[in-house]
Amino acid sequence: MPTNTRLETPRLILRRYELSEAQRMCDLLADGTVAALVPGWPENMTPEQMQAMIKEDHEQDEKGVASHLGIELKKTGELIGVAKLVHVVPEHKHGGFGYWIGTEYRSKGYMTEAVKAAVKHWFETFDFVRMIAHHMQGNDASGKVLLNAGFKEEGTFRKHVAHRGKYVDAIFYGILREELKY
Ligand SMILES: CC(C)(COP(=O)(O)OP(=O)(O)OC[C@H]1O[C@@H](n2cnc3c(N)ncnc32)[C@H](O)[C@@H]1OP(=O)(O)O)[C@@H](O)C(=O)NCCC(=O)NCCS
């Protein structure tokens with residue numbers, strides 16, 4: 001699977017993130033707000049651990065079982081977040097994805113812009129019939145991103161994710177290929 005994807009939106013470029021960006025990713029994640037909202041996300045990663053994770057992400061992308069896209073802000077050339085397709089089910093032609101962005105870049109519409117471009121690309125590349133995403137109960141900003149990108153809320157999976165010693169409800173969203181309006 002080609003890993004030289006480069007998608008352009010008015011304000012962003014979506015492209016592979018590199019090992020050399022491990023420190024930047026650590027800096028973006030340092031305040032712990034992503035780990036607080038994404039179940040299973042490791043806290044306080046060292047640059048070495050981040051490099052190992054990036055290497056794994058590249059390997060999965062090369063095998064065609066995932067697609068990890070760094071989100072670069074055009075005006076500065078800096079990485080500001082990630083959108084990642086991590087659950088590809090070829091036999092049912094559907095895929096699930098996640099995303100995060102550094103705190104100082106939030107509520108500017110960047111993730112909505114990135115998700116629209118990424119979802120369109122993934123539908124085309126993987127020939128999906130449907131795509132899904134979910135967030136923990138209470139992560140309303142994440143839900144807004146999905147609704148803004150044309151997803152429909154499809155239901156609540158009760159106590160679906162283990163997070164910090166509790167089982168938390170997850171809200172699921174989906175979009176069908178024919179519903180994609182962008
Ligand atoms: C969720 C996240 C990716 C959103 O990124 P973003 O770039 O801020 O998203 P956008 O600016 O495109 O859209 C955010 C929307 O949520 C709204 N919003 C922001 N904070 C909110 C809150 N606390 N409650 C409700 N809505 C909120 C914004 O107003 C905006 O909606 P609008 O465009 O209709 O006004 C970002 O907050 C993040 O990285 N959070 C931590 C990691 C995470 O939660 N990842 C998703 C896991 S499922």
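Two strands count as paired if at least two bridges are found between them by DSSP. In this predicted model, strands S7 and S8 form a hairpin with two residues between them. Arg-164, in the turn of that hairpin, has a positive phi of about 50 degrees.

**The sheet**

The hairpin belongs to an open sheet of eight strands, arranged in the order S1-S2-S3-S4-S5-S6-S8-S7 with mixed pairing. Strand S1 (6-8) and strand S7 (152-163) stand at the edges; each has a single partner strand, so one side of each is left without a neighbour in the sheet. From one strand to the next, the twist averages 25 degrees. Strands of a sheet pair through backbone hydrogen bonds, in either a parallel or an antiparallel sense.

Three of the pairings are set out below.

| Strand pair | Sense | Bridges | Residues that stand opposite |
|---|---|---|---|
| S5 (residues 94-101) and S6 (residues 130-136) | parallel | three | Gly-95 and Met-131 |
| S6 and S8 (residues 166-176) | antiparallel | seven | Met-131 and Ile-175 |
| S7 and S8 | antiparallel | eight | Lys-152 and Gly-174 |

Met-131 of S6 thus appears in two rows: this residue stands opposite Gly-95 and also opposite Ile-175 in S8.

**Helices H1 and H3**

The axes of helix H1 (residues 22-29) and helix H3 (residues 47-63) come within 8 Å and cross at roughly 110 degrees. Angles of 65 to 115 degrees count as roughly perpendicular, and H1 and H3 are therefore roughly perpendicular to each other. The crossing of H1 with H3 is right-handed. From H1, the residues in this contact are Ala-22, Gln-23, Met-25 and Cys-26, which meet Pro-47, Met-50, Gln-51 and Ile-54 of H3. By class, the contact holds six nonpolar residues, two polar residues and no charged ones.

**Surroundings of the ligand**

There are 23 residues around the ligand, and those that come nearest are Arg-106, Met-111, Thr-112, Asp-140 and Lys-144. The elements that give two or more residues to this shell are helix H2 (33-37), strand S5, helix H4 (110-126) and helix H5 (140-148). H5 gives the most, with six residues. In composition, the shell around the ligand has ten nonpolar, nine polar and four charged residues. Strand S5 therefore has a place in two parts of this description, since S5 pairs with S6 in the sheet and also gives residues to the shell around the ligand.

How values were computed
Residues numbered from 1 in each chain as written. Predicted model: local features only at pLDDT ≥ 70, side-chain atom pairs only at ≥ 80, totals over all residues. Helix = DSSP H or I, 4+ residues; strand = E, 2+ residues; numbered from the N terminus. Axes fitted to C-alpha atoms, helices over the stretch in contact; angles between N-to-C directions. Parallel < 35°, antiparallel > 145°, perpendicular 65-115°, else oblique. Left-handed = near helix turned anticlockwise from the far one by under 90°. Contact = placed C-beta atoms within 7 Å. Nonpolar A, V, L, I, M, F, W, Y, C, P; charged D, E, K, R; others polar. Near = placed C-beta within 6 Å.
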